[in-house]
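With the model open in your viewer, please follow the selections below in the order in which they are given. A cartoon view with side chains available on request will serve for each stop.

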Amino acid sequence: MTKYDDLKYIIKMKAKIQHSCHQCGKYIEVGELYYKEKIDVKPSPNFILREFYEKCGSTLAP
Ligand SMILES: [Zn+2]
């Protein structure tokens, strides 16, 4: 847990480029809905914002 984790939230959006799910590794193709972690401050360079395939992300979203 870092201070950034508290500021992180998750949004659902359409993929503009191909991503892969952080949880299961499944590819998220362009145009598919996926969940993306977001943060409103500038995090440290080694802080990773993850992307999740729709099914995996829906278990994390509020
Ligand atoms: Zn997944």
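Select β1 together with β4 in this predicted model: the two strands run antiparallel, and six bridges join them. To see one position in this pairing, show I10, which stands opposite E37 in β4. While β1 is still highlighted, consider its cover: among its six residues the count of buried residues is zero, and the strand is hardly covered.

Next, keep β4 selected and add β5, which pairs with β4 in the antiparallel sense over three bridges. Here the residues to display are Y34 and, opposite it, Y53 in β5.

Now bring the three strands into one view, where they form an open sheet in the order β1-β4-β5 with antiparallel pairing. The edges of this sheet are β1, residues 9-14, and β5, residues 51-53, each of which pairs on one side only. Turning the view along the sheet, look for the twist, which averages 30° from one strand to the next. In general, strands of a sheet pair through backbone hydrogen bonds, in either a parallel or an antiparallel arrangement, and a display of such bonds may help at this stop.

Finally, centre on Y35, which lies in strand β4, residues 33-38. Is Y35 buried or exposed? Y35 counts as buried because it has 25 C-beta neighbours inside 10 Å, where the cut-off is 20 or more. From Y35, extend the selection to G57, which is 22 residues away in sequence, although the C-alpha to C-alpha separation of Y35 and G57 in space is 5.4 Å.

Conventions: Residues numbered from 1 in each chain as written. Predicted model: local features only at pLDDT ≥ 70, side-chain atom pairs only at ≥ 80, totals over all residues. Helix = DSSP H or I, 4+ residues; strand = E, 2+ residues; numbered from the N terminus. Buried ≥ 20, exposed ≤ 12 C-beta atoms within 10 Å, placed from the backbone. Pairing = 2+ DSSP bridges. Axes fitted to C-alpha atoms, helices over the stretch in contact; angles between N-to-C directions.
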